Amino acid sequence: MALTLPTGYLSASQINKYLSCPKQYEAEYILGIKNQGGSVASCTGSSVHKLVETNLKKFIGGMPEGAEDTISCLDTAEIAGLFAGVQDMENESAEFWVSEAQKLFKIWYKELGHSIVPLKSEFKFEKEVSGVPVVGFVDYTDIQKGYEQICAYRDWE
């Protein structure tokens, strides 16, 4: 019996969703029911991800790096938009959570961002594993250690 994948491929997100909650996997990937909004934590994480991604692309593009410049080049409304649809803002405004994301980005930059040498950022890969198509995205590759290393933003936690 041939395996049929709802999207035609597997991704890390799909695997993680299935392992954490098969019913959510079914709702999202088989029935097409998307979760509206999200949690403050996931939206804050997405905001920090966007800030880090912008910083890396700026660095790779040859522009001068700097946490303050990166934060100012991102439209606050763009980051605030990531919080649209969040049901429980924990009695705080979207502006508060944007500020929190910016603080977390500054911590990332101080702890790691200034010392990496990114070569590529946010690129897609496709591979077939045991006959199953797998699709994913790499956050960035770093050559600071003298060789190309695949890195994920969550490696920093």
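In the predicted model, S47 is placed in helix α3. Its relative accessibility is 0%, so S47 counts as buried. Apart from neighbours within four places in sequence, S47 is in contact with I79, L82, F83 and A101. Helix α3 itself covers residues 40–60, a total of 21 residues. From its first C-alpha to its last, α3 reaches 30 Å, close to the 30 Å expected at 1.5 Å a residue. S47 is one of the buried residues of this helix, which also include V40, C43, T44, V48, L51 and V52. Polar and charged side chains occur in the buried set as well, among them E53, T54, N55 and K58. After α3 comes G62, a residue with a positive phi near 90°.

The protein as a whole has six helices and three strands. Read from the N terminus, the order of these elements is α-α-α-α-α-α-β-β-β. Of the 157 residues in the protein, 31% are buried. Among contacts with a separation of 6 or more, 58% are between residues 24 or more positions apart.

Helix α1 (residues 12–20) packs with helix α2 (residues 22–30). Two packed helices are described by the angle between their axes and the distance between the axes. For α1 and α2, the angle is about 135° and the axes are 5 Å apart. This angle makes α1 oblique to α2, because only angles over 145 degrees count as roughly antiparallel. On the α1 side, the residues that meet α2 are S13, Q14, K17, Y18 and S20. Their counterparts in α2 are P22, Q24, Y25, E28 and Y29. Three of the tyrosines named here, Y18, Y25 and Y29, also form one aromatic cluster.

A12 likewise lies in helix α1. Its relative accessibility is 51%, so A12 counts as exposed; the cut-off for this class is over 50%. A12 and V135 are 123 residues apart in sequence, and their C-alpha atoms are 8.0 Å apart in space. Another pair distant in sequence is formed by V134 and Y9, which are 125 residues apart along the chain and have their C-alpha atoms separated by 5.3 Å. V134 lies in strand β2 and, at 21% relative accessibility, counts as partly exposed. Leaving aside neighbours within four places in sequence, V134 is in contact with L10, as well as with F125, E126, K127 and V129.

The structure holds five aromatic pairs. In one of these, the rings of F105 and Y109 have their centres 6.3 Å apart and their planes at 35°, so the pair is tilted. The distance falls within the 6.5 Å limit for a pair, and the angle is neither under 30 degrees, as for stacked rings, nor over 60, as for edge-to-face rings. F105 and Y109 are four residues apart in helix α6 (residues 94–113), so about one helical turn separates them. Both residues count as buried, F105 at 0% relative accessibility and Y109 at 16%. A contact of another kind involves K120, which lies over the face of F123 at 4.6 Å from the ring centre.

Strand β1 spans residues 118–129 and contains E122. Although E122 is not a glycine, its phi is positive, at about 50°. E122 has a relative accessible area of 22% and is therefore partly exposed. A positive phi of about 50° is also found at S130, again not a glycine. S130 lies in the loop between β1 and β2 (132–142). With a relative accessible area of 76%, S130 is exposed.

Definitions and conventions. Residues numbered from 1 in each chain as written. Predicted model: local features only at pLDDT ≥ 70, side-chain atom pairs only at ≥ 80, totals over all residues. Heavy atoms only, no water. Helix = DSSP H or I, 4+ residues; strand = E, 2+ residues; numbered from the N terminus. Buried < 20%, exposed > 50% of the residue type's maximum accessible area, 1.4 Å probe, protein only. Expected span 1.5 Å × (residues − 1). Phe/Tyr/Trp six-rings, centres within 6.5 Å; stacked < 30°, edge-to-face > 60°. Lys NZ or Arg CZ within 6 Å of the ring centre and 35° of its normal. Axes fitted to C-alpha atoms, helices over the stretch in contact; angles between N-to-C directions. Parallel < 35°, antiparallel > 145°, perpendicular 65-115°, else oblique. Contact = heavy atoms within 4.5 Å.
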